[in-house]
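Work through the two exercises below with the sequence and the model open beside you. Try each task before you read its solution.

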Amino acid sequence: MFVSAPFQSPTTTLGFRVAVVSFEKRIGRSCVIIPGSARLRHPSPRLEAVSRGEEQCCDSTGTGASPHVLSTVGKSTNILWHECPVGKLDRQKLLGQKGCVVWITGLSGSGKSTLACSLSRELHHKGYLTYILDGDNIRHGLNGDLSFNAEDRTENIRRVGEVAKLFADAGVICIASLISPYIKERDACRAIMPDSSFIEVFLNIPLEVCEARDPKGLYRLARAGKIKGFTGIDDPYEPPLNCEITIELEDGKCPTPKAMAEEVASFLDKNGFLQS
């Protein structure tokens, strides 16, 4: 049972789950003061500065004020990047892991969604937070306005890359599972990720194996000419040149989902993503 404590001074330790935010007008600027009684597991120096009233937000006047620099990005004009006191390192310390993007690429039917779910389950059982961005699932909502022509497929990958970046910035291990057939588009997603936190996993499963599986019946439709521009049939797939992990047949057999998940999880562990 949670019992709220009486209001305390601005120097009180920050609350983790519930924080009361009040704004005090001082000399034409707004300062954020966050009192509370619960303790944050891993308070950062910036957060403690806010609790002491030393960190000033939305400061447009007075000594030490930073000039507002407006930017133009794409079709967006007069926009401002706003820094907040809780940063990526704070979130990673809270979760006990490092945010990253595990980008699984390969032909339709190669097992991308299977690996994504198996990896998510493996990491979840070990106490790590993940989220899957599946190519088909994304088209049920965020990318529901896109078709499968060349321009829309490029935009599809771009949007997923940007969303994956946000998840990684939040400290989450984001697992993106898409055919993503072109090197240029995958490399563009890698380029927006900092600190080598883009892990490309190539499911190098031969076309004949994927077509034999044909879980959605798409290869059959493509061979009959009912689907145009289908990757692997009448549209190319460009294998990665410098991916972090390649999964292939072993003695003519596909590795089990658990074995594939363990291989990727081992890579994450060895490269420090499973600790803050």
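**Exercise 1. Find the volume of the largest pocket and describe what lines it.**

Step 1. The largest pocket has a volume of about 710 Å³. On a 1 Å grid over the protein atoms alone, a pocket is an open set of points where a 1.4 Å probe fits, with protein on both sides within 12 Å along at least five of seven lines; the volume is the space filled by probe spheres set on the points, which are joined across faces, edges and corners.

Step 2. Lining residues have an atom within 4 Å of a point. There are 30 of them, and Ser108, Asp136, Phe148, Ile179 and Lys216 are the closest to the centre.

Step 3. Two or more lining residues come from each of α3 (112–125), α4 (135–138) and α5 (150–169), where helices (H or I, at least four residues) and strands (E, at least two) are DSSP runs numbered from the N terminus.

The model is predicted, with local features needing pLDDT of at least 70 and side-chain atom pairs pLDDT 80 or more, while totals for chains, interfaces and linings use all residues. Residues are numbered from 1 along each chain as its sequence is written, and side-chain values use heavy atoms, without hydrogens and water.

**Exercise 2. Give the strand order of the open sheet of five strands, and explain why β6 and β9 each have a side without a neighbour.**

Step 1. The order is β6-β7-β5-β8-β9, with parallel pairing; two strands pair if DSSP finds at least two bridges between them.

Step 2. Because β6 (130–134) and β9 (245–248) stand at the edges with a single partner strand each, one side of each has no neighbour in the sheet.

Step 3. Between β5 (residues 100–105) and β7 (residues 173–177) there are five bridges, and Trp103 has Ala176 in β7 as its bridge partner.
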